[in-house]
Each structure stands twice: as structure tokens, then as C-alpha cells.
Amino acid sequence: MARLRDSLVPSPTIKAASGWMFDRIDIDQSWVDTVRRFSAQGTVVYVLRNLSWIDYLALDRITARNQLPKIRFANDLAPSLIGNAKQSLPELLKSRSPAGQAEALQRALGSGGSAAIFLRKPPGTMDIVSGASEGSGLSHADALLRGLLSLQRRQDRPILLVPQVFVWTNRPDQKDRHSLDFILGTREWPGSLRTMAQFAANYQHVQLRAGEPINLAQLLSQAEDTSDEAIIRRLNYSILRRLESERRTVTGPASKTPERVKREILQGTRLQKRLKQLSEDTGIALDDAKRQADEILSAMQAKPDRTTLRALELTLDRVFHRIYAGIEIDEAGLEKIRVLLSQGTVLLLPSHKSHIDYLIPSYVFNKHNLQLPLIAAGDNMSFFPFGGIARRAGAFFIRRSFKGDPVYPVVVDAYLRRMIRDGYPIEMFLEGGRSRTGKLLPPKFGLLKMTVNSALAVPQQKVFFVPISIGYERIIETSAFEAELHGGEKKKEDASGLLGATDVLRHRYGRLNLQFGNHLTLDQIRGELGQDLRQEIPSEDDTKEIITRLGNRVMDEINRVTAITPGALTAIALMSYHRRGLTHEKLIRRAQNLHAIAESLGARTTPSLLNTKGQVRPDSIREAAQMFVNGGLVLAHAPAVVGSSAGRAKSATEAGPARIYTIPEGKRMELDTSKNIILHFFVERALVACAMVVPPGPQIGMDALRDRVQLLSKLFKFEFRYRADATFEEIFQSTVEEMIEVGEISRSGDGQLVAGPGHHDWSGVKWLLTYAALLRSYLESYRIAARGIGALLDEALSEKDLVKKSLATGNRMYLSGELERPEAVSKSAISNGFASLLDMGYLEKEDDMLRLSPDFANPEAVRVIENSIGAFLDREVHG
């Protein structure tokens, strides 16, 4: 055995070089833990796809460094690498024969070590001449596998075959060959120069993956009547499949030139048939339809380029570290994505609050060695020079509207179908445009419809829909959003606007965070809808149901996994306070109390918010307040000493103890955006609170409370997302019971609901007023909308004109003291108010013109509508 131990030791020169090289690789601890767990269960045999000396040296060094079982055998390596150079020629030939290697393998495992088996080796010139495949290599490990089966039958301890893959470069394989491949070797069989170059360029991104092990003891017990030859064939197939799926989580599908992708799509049988049918239906000449398809695809197609991606990686590293304090990632969710990528096509569906959203998933995936997604972007983002850069980073550009161009949706469908079939991860934003308020927008179903139809058309490919919440403490575009919400026109994206955004480099915007929801599948959605899964392609009506349910489920899941951040928590604590200024100590207390409620409702929190005991860190709130102070959204005041010459509070530049915070009137809209990111966690309780604090105060019967809450729920139908998994009655009852349980509400002796004793040192009244304050600006916005429809007494108006008039009305109401919150004068909320009034039957719409319904087309009816909303704004209760 001593000779065996010494026989597989790299030469001193190789050992020194491998130490210098491979100690620089940052191996994920999860890989070490996984292999250590496997080693405790049985004897580990690493199985690698292709013969590679660099894979062996790296694996040998990494296992030794992490005190894992020593590798005592590796097949077919050059003698000079592993200490066998001094063997005699007969010994060398014997040791490298199939029988000799099988014997050495069994000795290595018998000594308590592990082994590395390479399944394939590159074919030589004579092999290729004889007809061997240069791409797949030669299978030559059958004798070793047969020896392992024999050894397993003689021992009780299980032998675990662990599929092991090194990914030295995250560049995908190339379908097309290049002239340098003859010198450097192919990606499949790299020569020494290519291998070293790959390592030097990518050692920071080297990925070491262990697939699920194959337990030979279990396999043999389940295949007692199966021949060894059949078992070996099954092993080869199973291991190679697992290795390939692990490798593709990093590299993605084999890369093709953009010209080849375009040619394959345009020549596709389905596209050709649809263009022909379109020509017959519309009278468009077939040649013209094909020419249009070519032009559309050229304008739309992504052209990923690794050089551009590498340059972007370096640029984003600097930019993100300049404007953000860090990125907090749902690591467990990211690992689930890695598994899904090995199983099929992944559709990433993030929330959309900023142009930064386009970059974050790709940036994080690149840092974690996952294949990069193609990104569906609006064609408004294809301007020079951003469009060209984004296209080379994986973006493809789709028009906002397909109207008037029957060829366009046919080409989009063909492109999506090809990308899904080939296994490219795709990122798309269901909200369509960016949310200007911080809240999720309702899903847009157009692109989702095409994606679902494409996925249904390739049933052999698994497709996973993954909701993602991209969270911000402060969004960089809030000043531009504020101008739009006050009635300004949305500016068209162009290079000047992009360059103007460099102003953000002068500020810090807190931390980003990325949270992943539970993935959804079409079969899962169809099952929920009670559809017949035996019908491979659902009917048109069933497909429409699938799309609607999927879109809403995705948005609900994004809301569910949105994390509470220090910035959002600080904003909601400040914005819900009813007095002019809030002391630092009260700010921390409010943040702690609101966090306790959100946490009890299942909200996630980012690591930076909490200490090791799971409590809100006071410093995290101070840091968030400082971020808002630095951005001008909050003012920090240092109270003057009594008797000083100043006689007044002084402005301060630092947040912290002994400070009083105020919000400048002109900045409330911007701060409101940070608040709204987590507002949805409190909406259900806020509706109950608004209904209870209506004068004469929080004493009300259950039936009356239900009626008020239902009215508010309908009123805010287009403002907030309600749970889709329960009825109104179920949500109402559970919310009231939860509030009673924690002491925010109590039942009096006569069965009335009243304010409870409270909790966390707040009375029940204070909790109700805090919740109600969260919705006050929305009630005031809807009151503006209700008064604004008085303009329809004179004439019908387009929604755009009615919003414009109502914004002016809202400004007058605020300046005259009828409204408390300047952020209520918001185009978004007022527009939602009109949608609600239309839905409730107060308005009618015809030819895009709004008018009052006949029963309400008089001044008194308009006043009644406004007063019904204004009643929820009156307060006679004080905390």
C-alpha cells in the first residue's frame, strides 16, 4: 500500500505550480460540505467527463486543502504528472492497461482513499480516421466501472459515484469552429495553452460542482437481474447527463453566431408556414412578409458578446460600489435557481422600479457563476449608444405595441420559441414599465401570453417561471418620477438622459437586495385551475385562464418575498407620523414596532437590518436616516440650547441621537416611494383601521366594520394587490382576529369592536392611527379624483385632460388647507381613482372619453361621491 500512496503524487515542480495556481480558487464552502457529507455515507469516487490533467491537479489540491479523503487513483494521466516516470516500460504498460488500472483503482479504495475517473479521452488521429467522434471522445472507463461493481458486491460500505465538473470559463461552447482551435485545441478538448489561458482569465469565476451521487449498493440491489454491461451503459448515460446539466448551469446553451441564430429562425418551418398563412389572409406579398421578418429580427435580436460582458462587469463593479453600500442576496433562492437551470429553461420575472433592474440579475448571476439571461427590453431603450451595448450584454428589444404590423408578433413568437427550446434563461418585466410609486404595477399580459404560448408549443422542454423582488432603499430615479407624478410628461430615453444620470454618482442609495420567490410551472397553474393535464395544448379559453392566473401569482409572490430594508422601514416610520418632527429615539422605536408587525405577517428582512438576536439594529435606522439626509429627502435638526443666541433648532448634517427629523414638503413624494416598497404588508390592517377611526371613534359593530372595509377595498381595487388565495370575507375575518389577538382591537361587553390595550408599549388607539396614516394620502388622492369629476358636468373629457384638471384642483385643495399630504397630488393615484369610480359605475367611458353616468350627472351627486370618501379622512381620535 505504501507504494500505492506514493505512486499518485504530483512531481515537486507540478505540486508547487498547482499550489500557486489552485490555492487562488475560491471554492464554495457548500461544495466542501457536500463532499464531506458524501464521504461520511460511503466511499467517494469522483467521476469527470473528459480526461484533463488540470482537472486532476485542481481536484487533488482542493481535496487536500480541505482535508477531504485523498485521491489515490486517477486513470490515464501522463506518468510525469503523477510520479510514475521512473517505472520500467513493462510496469508502465501493465499499469496503464484496463486490467492494471482496474486493479489499482480497487487497491486505492481499499486503502481508504478516494479516486477520480475520467469517462472519456480525446481521440487520436488514427481514432478519428477510423471514424471516432472528435466531439464526444472515446469512452474508455468501462473496465473501471466493471471493477467498481465487483468491489461493491464484496463489501457493505456503499461506493458513491459523484459526478464532478470543473467549469474553467463561463463562456458557452461554440457551435462553430475557429482556426485557432487547431493550435490551442477545442473547448471540448483544450490543449495546454488554452487551458492555462482559460484559468488565468477566469480563476475568479471557476465553478466546482458536484452532482447528485449514484449509490452503487442501491443500484445493484435494484438491478439484480441486469447484466453488468447494461448497468455500465446506464451509468455512463446517467453520469454524463448529470455532468452536462451541472456544466450548463454556468455556461448555458452552446453559442451560435447571431447570423446563424437569425438564419435558423427565419428558415424555421413554423415561421415559414405562419408567414405564408399571413400572406394569404392579409394580401401581403410573401416576399415582403419575409423581408419584414428579416428586418424585425435584426432590430430585435440579442447578440451576446463576452468581451462586452467582461467590460460591463468591471464597470458595474466600480459603479455599484460607488452608489450602493452592497447587494444582499437570497442565497438559498439563488441555489434553487442553479438547480432549475440544470433542469430546463428559466423565465426570470423581476419587479421593475428602476433602469438598474436590467442589470442586477445578470450582475449577480455573473458573480455566482450562473449562465446569464437574455433580457426582454422595450424598444425605447435601444437608443445609441446604450442600445448597442445592451444588445451585446444580452438584451433583445420589443415594441410596446404590435398594432398595425401583423408580421411583428409572428417574429417575436418565433424568437421566443427558439430561445426557450434551446434553454436560454430569459428575463422579462411583467409590469411593462417602471413603477413610479414603489408599489407593484398590475401585470401586463401581452409578452407573457406569447411566452406561455411558446412554452406550451415545446412540451419536451421544462419551463420554470421565477418571481424576483429587486429591492431598493432609495431609487435613483425618484426625482424624475416626482416630476411625472405631479403632471410632467415622461421624457423619452436618450443618450443625454443617460449621461445626465451620472449625477447619481455623487450620492449613496443604500443597499440593493435580490429575493427569489417559489418557482411556478404551467402544469402547476393548470392543476390549480382544474384543467385536464392530459390535453397537451390547452384550448384558447384555458390558455387565457393560465396566463391571467400565472401573471397574478407571480406578482403576489414578488410581494410576498419583498424584504424589509432599513431604508424602507425608516421611510414608513417617518411618513406615517402625524406630527411635524420625529425624534431619533422615537424613529427607532417606530421602526422596531412596525418591523415586529411585518415580521409576524411573514415578511423577510435583509441581513443589514437585524442584529444577531434578530432585533432591529438602531445603527441600521441611523444609517438609513443619514442616507435620506444626505439625499435631501429628510432634514436633521439639532435643538438649540435654552438661552442660546440662536433661539431655534439648527440644521445638522449628521443623523443620530438628539436629532429631530422633518420631511421637506417638496420631498415627501420621493420618500413616499421608499415607503411604498413595503406598504403592502400593512394594507389589510390599514383598511380596518381607516374604517374604525371614522368619527365618532373606534367603536363599531362587526357588520358595520365589514361594510366599511369592503367599501374601501373596492375603492382601492386598482391601487393595492389583495391576496388572490382567499375571499374578502376570509381576509377580513383573519385580519380582525389577528388584530384582536395582539391587542390592537378588543371586543367590548356588548359585542362592539373598540381599540384594544395595544402592545409593544403602544396603545391600541396609537396602532390604529398609525395604520390609518399609511393610507391617508391615497384617500386624499381619491378625494381629489372625486372632486375632479365635477369637470365632467360641462363636457366629456379624455382621461389625460381630466387628470390634468384634477391635478390643478388638488394643488388648490392642498394650498387652501383641505388636504394634509402634498404627495396626494399624484397623477398615478388620481388615475387609479378614476379607474375605481368607473368600475363603481359613477363614470362611463366611450371612445376614450369619460363622462358622468346619467344617475350622477348633477352637482349634488358629485358632492355625495366626494363626501363618501372624505368621511374616512375626518379624525376625532388622538393617540
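**Exercise 1. A proline and its peptide bond**

In which loop is the place of Pro 385? Locate this residue in the predicted model, and then describe the peptide bonds that depart from the usual geometry.

*Solution.* Step 1. Pro 385 is placed in the loop between E10 and helix H20 (386-392).

Step 2. The bond joining Phe 384 and Pro 385 is a cis peptide bond, with omega at about 0°.

Step 3. Another cis peptide bond joins Pro 695 and Pro 696, where omega is about 15°. Pro 696 belongs to the loop between helix H31 (683-692) and E21.

Step 4. As background for these assignments, most peptide bonds are trans.

**Exercise 2. Confidence and overall make-up**

Determine the mean pLDDT of the chain, and identify segments over which pLDDT stays under 50.

*Solution.* Step 1. The mean pLDDT is 88, and 87% of the residues reach 70 or more.

Step 2. Over residues 1-7, pLDDT stays under 50; the model has 13 contacts beyond four places in sequence for this segment. Residues 125-132 also stay under 50, and for them the model has six such contacts.

Step 3. The chain has 37 helices and 26 strands. Of its 879 residues, 53% are buried.

Step 4. The chain exposes about 39400 Å², of which carbon and sulfur atoms supply 51%. Among contacts between residues at least 6 apart in sequence, 77% join residues at least 24 apart.

**Exercise 3. The sheet of seven strands**

State the strand order of the open sheet of seven strands, and explain why one side of E8 and one side of E11 are left without a neighbour in the sheet.

*Solution.* Step 1. The order is E8-E14-E13-E9-E12-E10-E11, and the pairing is mixed.

Step 2. Strand E8 (326-329) and strand E11 (395-398) stand at the edges; each has a single partner strand, so one side of each lacks a neighbour in the sheet.

Step 3. At one edge, E8 runs parallel to strand E14 (residues 511-516), and four bridges join the two. Within this pairing, Leu 512 in E14 is the bridge partner of Ile 327.

Step 4. At the other edge, E10 and E11 run parallel and are joined by four bridges. Here Phe 397 in E11 is the bridge partner of Ala 377.

Step 5. The side chains of E11 are then assigned to its faces. Ala 395 and Phe 397 point one way, while Phe 396 and Ile 398 point the other way, and all are buried.

Step 6. Helix H21 (residues 407-422) lies across strand E9 (345-350), strand E10 (374-378), E11, strand E12 (426-427) and strand E13 (463-472). Its direction is at about 155° to E11.

**Exercise 4. The sheet of three strands and the loop after E23**

Give the order of the open sheet of three strands, and describe the residues with positive phi in the loop between E23 and H34.

*Solution.* Step 1. The order is E21-E23-E22, with antiparallel pairing. Strand E21 (699-700) and strand E22 (745-747) are the edge strands, each pairing on one side only.

Step 2. Three bridges support the antiparallel pairing of E22 with strand E23 (residues 753-755). Leu 753 in E23 is the bridge partner of Arg 747.

Step 3. The loop between E23 and helix H34 (764-788) contains His 760. Asp 761 is found in that loop as well.

Step 4. Most residues other than glycine have a negative phi. His 760, which is not a glycine, has a positive phi of about 50°. Asp 761, also not a glycine, has a positive phi of about 65°.

Step 5. Classification uses two cut-offs: buried is under 20% relative accessible area and exposed is over 50%. His 760 has 39% relative accessibility and therefore counts as partly exposed. Asp 761 has 73% and therefore counts as exposed.

**Exercise 5. A helix and a long-range pair**

Compare the reach of helix H26 with its expected length, and give the C-alpha separation of Ala 254 and Asp 422.

*Solution.* Step 1. Helix H26 (residues 540-561) has 22 residues and reaches 32 Å from its first C-alpha to its last, close to the 32 Å expected at 1.5 Å a residue.

Step 2. The buried residues of H26 include Thr 543, Ile 546, Leu 550, Val 554, Asp 556 and Glu 557.

Step 3. Ala 254 is placed in the loop between helix H13 (228-251) and helix H14 (258-266). With a relative accessible area of 27%, Ala 254 is partly exposed.

Step 4. Ala 254 and Asp 422 are 168 residues apart along the chain, and their C-alpha atoms are separated by 8.8 Å.

Methods. Residues numbered from 1 in each chain as written. Predicted model: local features only at pLDDT ≥ 70, side-chain atom pairs only at ≥ 80, totals over all residues. Heavy atoms only, no water. pLDDT = per-residue confidence, 0-100. Contact = heavy atoms within 4.5 Å. Pairing = 2+ DSSP bridges. Expected span 1.5 Å × (residues − 1). Buried < 20%, exposed > 50% of the residue type's maximum accessible area, 1.4 Å probe, protein only. Areas by Shrake-Rupley, 256 points an atom, 1.4 Å probe, with all protein chains shown as cover. Axes fitted to C-alpha atoms, helices over the stretch in contact; angles between N-to-C directions.
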